[in-house]
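Good morning. I will go through one structure today, a piece at a time, and I will keep to what can be seen in the model.

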Amino acid sequence: MSSGSGIGIHDLSLATTEFVLPHAALAAYNGTELGKYHVGIGQESMSVPAADEDIVTLGAAAAAPIVERHGSDRIRTVVFATESSIDQAKSAGVYVHSLLGLPSAARVVELKQACYGATAGLQFALGLVARDPSQQVLVIASDVSKYELDSPGEATQGAAAVAMLVSADPALVRIDGPSGLFTADVMDFWRPNYRDAALVDGQESISAYLQAVEGCWKDYSGQGGRGLEEFAAFCYHQPFTKMAFKAHRHLLNYGGLDTDQDVIAAAIGQSTAYNRVIGNSYTASVYLGLAALLDQAQDLSGQAIGFLSYGSGSVAEFFAGEVVPGYKERLRTAENLAAIERRTELDYAGYRQLHERSFPTDGGDYPTPVQNGGQFRFAGLRGHKRIYERR
Ligand code: CAA
């Protein structure tokens, strides 16, 4: 089945944090065998935000190169997807809109459904562009994944943002029409408004994810989607990279196909390269997988990629895209690698100190220390307002 819409991802850019904690440092601190992290969950390190970084600075850093390359005249909608929201009322996207100097004739909104939000944003964007193909939509997925210190979830933290420009006649990936959908009310991972670290039932979350894979694939097939063997590669939501392997094995088993380790590695291995060193970036993670895949695969022109987006709670979607010939010239491989490699390594004590930081809630003046060397800074709180700066 060929792609129909002629709408999709025109540009893709990522950003991650100032700091990184190697899993070796975590293992040395808590006595875990390093093999459990490197092999058991498939993680080598995790991005840690500086005191003056948050979802807004990460989102702005991811989106700035897109605005620089394409201008902002055609961007009439900004969708900001996140689990780690910074305000109950105001969209984080409005701060990004301001930092990037986007046109005032725009709608800006924040979307939430755990790690699934960006896929909802992408699908809504496709609809808006279908209605008026002269418009473009900027979809930003930005998250800081935070679990309690000394909890099993601690090893699966991370932080990153991905920005995607959705347009007609896209340069990277055309998104197909059919989508497979699945929603089930489960308490596998959640975060009440009074907490900044997520609550999670780890084993329940893994089985809920696998159940959702099956559910949305079943619906995708019912909607007239492609056959499993038509895909050159798959991008899964990756809370930790081993989860993508579990999910793909589950899907192949369900489809009655070969689940040989090499077959699985060939289909998803390249999509795990960035997540393996960045960690969980919640709603950005599927699209970090796409960036890694496009950056590393030899040539995917004209080939189909399967996307599986899962957000605890839970909502999942399976959809497909076809890679546009000539896409390689529009990639940002060097910049993506530079964003990952420029991070400064923390020791465990430094990471713990950052993790434990919180702001008083009395409306006082609380500047943040200058730690991040990027273009955008979260300068602190003043009168209950978040202050951002562009360098
Ligand atoms: N060498 C190699 N492998 C080892 C090992 C060693 N020395 N020691 C253990 N392992 C393996 C285990 O066998 C296990 O592998 P399998 O899963 O293939 O059986 C793996 O390492 C993990 O071991 P445990 O299950 O004992 O680990 P844990 O109890 O510490 O929990 C976790 C792992 C559930 C992922 C936990 O880190 C967690 O709760 N993370 C947060 C929740 C999460 O990420 N859930 C994923 C699905 S939900 C989702 O996708 C939404 C989201 O983003 C949160």
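**Glutamine 136 and its surroundings**

Let me start with one residue. Leaving aside residues up to four places away in sequence, glutamine 136 touches His10, Arg74, Ile75, Arg76, Thr77, Leu165, Val166 and Ser167. Please keep in mind that this is a predicted model. Glutamine 136 has its place in strand S6. Is glutamine 136 buried or exposed? Its relative accessibility is 5%, so glutamine 136 counts as buried.

One of the contacts just listed, Ile75, is also the bridge partner of glutamine 136. Isoleucine 75 brings us to strand S4, which covers residues 75-81. Strand S4 and strand S6, residues 136-145, run parallel and are joined by 6 bridges. S4 has a parallel partner in strand S5 as well, residues 107-111, and 5 bridges join S4 and S5. Within that pairing, threonine 77 has arginine 107 of S5 as its bridge partner. How many of the residues of S4 are buried? The count is 6 of 7, and S4 is mostly covered.

For anyone new to this, strands of a sheet pair through backbone hydrogen bonds, either parallel or antiparallel. We have just had the parallel kind, in S4 with S6. The other kind comes next.

**A sheet with two helices on it**

Here 3 strands form an open sheet, in the order S15-S16-S17, and the pairing is antiparallel. Which strands stand at the edges? They are S15, residues 366-367, and S17, residues 385-390; each has a single partner strand, so one side of each is left without a neighbour in the sheet. Strand S16, residues 376-382, pairs with S17 over 6 bridges in the antiparallel sense. As an example from this region, leucine 381 stands opposite arginine 386 in S17.

Two helices pack on this sheet. Helix H3 touches S16 and S17, and the direction of H3 makes about 155 degrees with that of S16. Helix H4 also touches S16 and S17, and its direction makes about 30 degrees with that of S17.

Now the two helices themselves. Two packed helices are described by the angle between their axes and the distance between the axes. H3 spans residues 55-70 and H4 spans residues 92-99; their axes come within 9 Å and cross at roughly 50 degrees. H3 and H4 are therefore oblique to each other. Their crossing is right-handed. Which residues make the contact? From H3 they are Ile55, Val56, Gly59 and Ala60, and from H4 they are Ala92, Tyr95, Val96 and Leu99. Sorted by type, the residues of this contact are 7 nonpolar, 1 polar and no charged.

**A mixed sheet**

Another open sheet of 3 strands has the order S3-S2-S14, and its pairing is mixed. Strands S3, residues 45-48, and S14, residues 344-345, are at the edges; each has a single partner strand, so one side of each has no neighbour in the sheet. Strand S2, residues 19-22, pairs with S3 in the antiparallel sense over 4 bridges. Phenylalanine 19 has valine 48 of S3 as its bridge partner. A helix packs here too: H1, residues 23-30, touches S2 and S3, and its direction makes about 50 degrees with that of S2.

**Backbone details in three loops**

I will finish with the loops. Alanine 114 is in the loop between S5 and helix H5, residues 117-131. Although it is not a glycine, alanine 114 has a positive phi of about 45 degrees. Its relative accessibility is 9%, so alanine 114 counts as buried.

Aspartate 169 sits in the loop between strand S7, residues 158-168, and strand S8, residues 173-183. Aspartate 169 is not a glycine either, and its phi is positive, about 50 degrees. Is aspartate 169 buried or exposed? Its relative accessibility is 62%, so aspartate 169 counts as exposed.

What kind of peptide bond joins glycine 313 and serine 314? The bond is cis, with omega about 0 degrees. Serine 314 lies in the loop between strand S12, residues 304-311, and strand S13, residues 315-323.

Conventions:
Residues are numbered from 1 along each chain as its sequence is written. This is a predicted model: local features need pLDDT of at least 70, side-chain atom pairs count only at pLDDT 80 or more; totals for chains, interfaces and linings use all residues. Side-chain values use heavy atoms; hydrogens and water are left out. Axes are lines fitted to C-alpha atoms, for helices over the stretch in contact, and angles run from 0 to 180 degrees between N-to-C directions. Angles under 35 degrees count as roughly parallel, over 145 as roughly antiparallel, 65 to 115 as roughly perpendicular and the rest as oblique. A crossing is left-handed if the near helix is turned anticlockwise from the far one by less than a right angle, and right-handed if clockwise. Contact means heavy atoms within 4.5 Å. Ala, Val, Leu, Ile, Met, Phe, Trp, Tyr, Cys and Pro count as nonpolar, Asp, Glu, Lys and Arg as charged, and the others, Gly among them, as polar. Two strands pair if DSSP finds at least two bridges between them. Buried means under 20% relative accessible area, exposed over 50%, partly exposed in between (1.4 Å probe, protein chains only).
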